[in-house]
Amino acid sequence: MEIKHIFEIDESTNSISLTPEFETDIKNAKNPQIILIIGNSRSGKSSLLNAILSKGLNIDEPFSTSNEIEGCTKDFNYIKMTLNSKDIFLVDSEGAQNINGVSKKLKIGLLVLQSIVDIILFRVD
């Protein structure tokens with residue numbers, strides 16, 4: 001199972017756009033369901049997604065985790081899988097330190113995704 005990026009960021013123009021790969025995956029999806037997990041840095045967002053995948057579906061841990069002080073997920077990453085004739089997109093996001101510590105990339109990404117996401121999981125420590 002391959003982890004893919006949702007956004008492309010052009011630092012020179014300070015713009016963000018969906019990757020062509022994500023747009024194609026969504027366009028070709030059968031009955032797509034998008035599940036996004038958000039929360040503080042190091043709250044266990046990636047670990048929770050890995051636990052769901054490994055225990056429920058016997059899929060090895062595709063999302064990176066770390067014991068370091070700084071979280072390891074940067075950007076918005078997704079995996080696509082098919083379950084009961086639906087294409088499920090599990091989206092892992094970078095964390096926020098606090099309400100004032102939310103990166104511009106995270107703010108913009110959440111604004112873009114809120115219109116297409118079916119379920120948002122908010123992970124707290």
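This briefing describes the sheet, the helices packed on it and a small salt-bridge network in the structure above. The model is predicted. Its open sheet is built from five strands in the order 1-5-6-4-7, with mixed pairing, and helix 1 lies across strand 1, strand 4, strand 5 and strand 6. Between helix 1 and strand 1, K4 and D25 meet in a salt bridge, and the salt bridges that share partners join K4, E21 and D25 into one network.

**The open sheet**

- Five strands make up the open sheet, and in the order 1-5-6-4-7 their pairing is mixed.
- Strand 1 and strand 7 (119–123) stand at the edges, and because each has a single partner strand, one side of each is left without a neighbour in the sheet.
- Strand 5 (residues 76–83) and strand 6 (residues 86–93) run antiparallel and are joined by eight bridges, and within this pair M81 stands opposite I88 of strand 6.
- As a general point, the strands of a sheet pair through backbone hydrogen bonds, in either a parallel or an antiparallel sense.

**Helices on the sheet**

- Helix 1 (residues 20–27) lies across strand 1, strand 4 (33–39), strand 5 and strand 6, and runs at about 25 degrees to strand 5.
- Helix 3 (residues 104–113) also packs on the sheet, where it touches strand 4, strand 5 and strand 6, and its direction makes about 30 degrees with that of strand 5.
- L106 belongs to helix 3 and has a relative accessible area of 4%, which is under the 20% limit, so L106 counts as buried.
- Although L106 and D75 are 31 residues apart in sequence, their C-alpha atoms are 7.3 Å apart in space.

**The salt-bridge network of K4, E21 and D25**

- The count of salt bridges comes to two.
- One of them joins the side chains of E21 and K4 at 3.7 Å, N to O, and this pair links distant parts of the chain, since E21 is in helix 1 and K4 is in strand 1 (residues 4–5), 17 residues apart.
- In the other, the side chains of K4 and D25 meet at 3.1 Å, N to O, which again links distant parts of the chain, with K4 in strand 1, D25 in helix 1 and their positions 21 residues apart.
- Salt bridges with shared partners thus bring K4, E21 and D25 together in one network.
- K4 is buried because its relative accessible area is 16%, under the 20% limit, whereas E21, at 39% relative accessibility, counts as partly exposed.

**The surroundings of D25**

- D25 is placed in helix 1, and because its relative accessibility is 11%, D25 counts as buried, as does its partner K4.
- The side chains of D25 and K4 are also joined by a polar contact of 3.1 Å.
- When residues up to four places away in sequence are not counted, D25 touches K4, Y78, K80 and F89.

**The hairpin of strand 2 and strand 3**

- Strand 2 (residues 7–10) and strand 3 (residues 15–18) pair in the antiparallel sense over four bridges, and here the bridge partner of E8 is S17 in strand 3.
- Four residues lie between the strands of this hairpin, in which N14 takes a positive phi near 60 degrees.

Technical notes:
Residues numbered from 1 in each chain as written. Predicted model: local features only at pLDDT ≥ 70, side-chain atom pairs only at ≥ 80, totals over all residues. Heavy atoms only, no water. Helix = DSSP H or I, 4+ residues; strand = E, 2+ residues; numbered from the N terminus. Buried < 20%, exposed > 50% of the residue type's maximum accessible area, 1.4 Å probe, protein only. Polar contact = N/O pair within 3.5 Å; in protein donor to acceptor, adjacent residues only side chain to side chain. Contact = heavy atoms within 4.5 Å. Salt bridge = Lys/Arg side-chain N within 4 Å of Asp/Glu carboxyl O. Pairing = 2+ DSSP bridges. Axes fitted to C-alpha atoms, helices over the stretch in contact; angles between N-to-C directions.
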